[in-house]
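User: Please take a close look at one charged side chain in this model and its surroundings, and then follow the charged pairs and the pocket elsewhere in the chain.

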Amino acid sequence: PLTADGHIVFGRQYRHGGGQVVLELPAGTFDAGEAPLAVAKRELAEETGYGSEDWTQIATFYNNPVKQNNRIHLFKASNVEPVSVQNLDATEDIEVVLKPVTEAFTLIASGEICVAGSITALLLGLSDEFL
């Protein structure tokens, strides 16, 4: 999710599997019958309160096809803006964080962004092909 003034909308939250608080892009799981774009729009709004009408599909790939059959669907939302308040699940505690696009690769290199799906989305979504 990119704002019109060049910021990326992230969520910062504790992830039990990694045992730490991480900075990551909004993401989530499917409800029965949902299409990937509908999930992306819903999760962005629920986790951050932001929305957009300007979406581009970036990629779909398997996360770990050796052990899992789930796929990750990446979308780029441009010109996002606040449209509602967060609507978090009972187990979520997400701080919304805006970072300049110009810092994205530094945040990856420093390890502040350490979630594979977020790294992949940023590398692809900020490449010249999708800008």
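Analyst: In this predicted model, Glu 47 is buried and yet takes part in no salt bridge. The nearest side chain of opposite charge belongs to Arg 15, at 5.6 Å, and because a salt bridge requires a nitrogen of Lys or Arg within 4 Å of a carboxyl oxygen, that pair does not count as one. What the side chain of Glu 47 does have is a polar atom lying 3.3 Å from the backbone nitrogen of Ala 27. Glu 47 is placed in helix H1, which covers residues 36–48, and, leaving aside neighbours within four places in sequence, Glu 47 is in contact with Pro 26, Ala 27, Gln 86, Leu 88, Glu 92, Ile 94 and Val 96.

Two of these contacts, Pro 26 and Ala 27, also appear, with Leu 25, Gly 28 and Ile 72, as the residues nearest the centre of the largest pocket. That pocket holds about 1,200 Å³ of space and is lined by 42 residues. H1 is among the elements that each supply at least two residues of the lining, along with strands E1 (7–15), E4 (54–62) and E5 (71–78) and helix H3 (116–125), while the largest share, seven residues, comes from E5. In the loop between E5 and strand E6 (81–82) lies Asn 79, a residue other than glycine with a positive phi, near 55°; its relative accessibility of 43% makes Asn 79 partly exposed.

Salt bridges do occur elsewhere, and the count comes to seven. One of them joins the side chains of Glu 95 and Arg 12, with N to O at 3.4 Å; since Glu 95 lies in strand E7 (residues 95–100) and Arg 12 in strand E1, this pair ties together parts that are 83 residues apart in sequence. Glu 95 is partly exposed at 45% relative accessibility, as is Arg 12 at 24%. Arg 12 also meets the side chain of Glu 112 in a salt bridge, again at 3.4 Å, N to O, and because Glu 112 lies in the loop between helix H2 (104–110) and H3, that pair ties E1 to a part 100 residues away in sequence. Glu 112 counts as partly exposed, at 30% relative accessibility.

Arg 42, by contrast, counts as buried at 19%, under the 20% cut-off, and forms a salt bridge with Glu 34 in which the closest N and O atoms are 2.7 Å apart. Both belong to a network of salt bridges that links Asp 31, Glu 34, Arg 42, Glu 43 and Glu 46.

Notes. Residues numbered from 1 in each chain as written. Predicted model: local features only at pLDDT ≥ 70, side-chain atom pairs only at ≥ 80, totals over all residues. Heavy atoms only, no water. Helix = DSSP H or I, 4+ residues; strand = E, 2+ residues; numbered from the N terminus. Buried < 20%, exposed > 50% of the residue type's maximum accessible area, 1.4 Å probe, protein only. Lys, Arg positive; Asp, Glu negative; His and termini not counted. Polar contact = N/O pair within 3.5 Å; in protein donor to acceptor, adjacent residues only side chain to side chain. Contact = heavy atoms within 4.5 Å. 1 Å grid on protein atoms, 1.4 Å probe; cavity = no way out; pocket = protein on both sides within 12 Å on 5 of 7 lines; lining within 4 Å. Points joined across faces, edges and corners; volume = space filled by probe spheres on them.
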